[in-house]
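Work through the following exercises on charged side chains with the sequence and the 3D structure at hand. Each task is followed by a solution in steps.

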Amino acid sequence: MFIFLGETLLPLLTLPPRRTQFRWADAFLVMEQCGPQALGIVALINFLVGLILAFVGATQLARFGASIYVADLVGIATVREMGCLMTGIILSGRTGAAFAAQLGTMTVNEEISALQTFGISPIEFLVLPRMIALMLVMPFLVAFANFISIAGGFVVSTSMLDVTPTVYLARTIEAIDLKSFLLGITKGSFFGFL
């Protein structure tokens, strides 16, 4: 594992100054596969997470007459942790499995051995574009997941509680600060690297 990490980090750290066998065209293709094509499942899962957070928060906070804070709960929990975590889990399952299957098939067909025979580093040619693509796409997917999850909380809050849409949106905007948002986005990039 540490050898693979080193073989991956070294070309990643030296990517700008030296010419590697990395191709941006491959990275853009992978970005398309793991970005826009993943929006449906990311939206579904994060919408359900927002619904669940709002429902659990509503049932617990209603005991204290603090139902108005459901928007704060959903907003902060989503932006800091749940949006990036759920998106990372979805991509590791969906995209990670696809990467493993594709690279496994290439190994069985001895395509990776052929690359090494031609002097092409499989890490730089196959792994690095996937890693960079995920690191660049994850912040956008996390921001999208945050929005969808907050929308799920909006549905529960406005239908189950006596919270008006304008109050919910105002409370959400007030609760989320830039530091929390950037923390979640940064975690998303780190999960993309992992």
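**Exercise 1.** Find the partner of Arg-171 in helix H4 and describe the surroundings of both residues.

*Solution.* Begin with the contact itself: the side chains of Arg-171 and Asp-72 form a salt bridge at 2.8 Å, N to O, the term meaning a side-chain nitrogen of Lys or Arg within 4 Å of a carboxyl oxygen of Asp or Glu. Next, place the two residues: Arg-171 belongs to helix H7 (residues 165-175) and Asp-72 to helix H4 (residues 70-108), so that this pair, 99 residues apart, links distant parts of the chain. Helices here are DSSP runs (H or I, at least four residues), numbered from the N terminus. Finally, consider accessibility: Arg-171 counts as buried at 18% relative accessibility, and Asp-72 counts as buried at 14%, where buried means under 20% relative accessible area, exposed over 50%, and partly exposed in between (1.4 Å probe, protein chains only).

The model is predicted, with local features requiring pLDDT of at least 70 and side-chain atom pairs counting only at pLDDT 80 or more, whereas totals for chains, interfaces and linings use all residues. Residues are numbered from 1 along each chain as its sequence is written, and side-chain values use heavy atoms, leaving out hydrogens and water.

**Exercise 2.** Which residues are linked with Arg-171 in a network of salt bridges?

*Solution.* Arg-171 also meets Glu-174 in a salt bridge, at 3.8 Å, N to O. Because they lie three residues apart in helix H7, Arg-171 and Glu-174 are separated by about one helical turn. Glu-174 is exposed, at 61% relative accessible area. The network therefore comprises Asp-72, Arg-171 and Glu-174.
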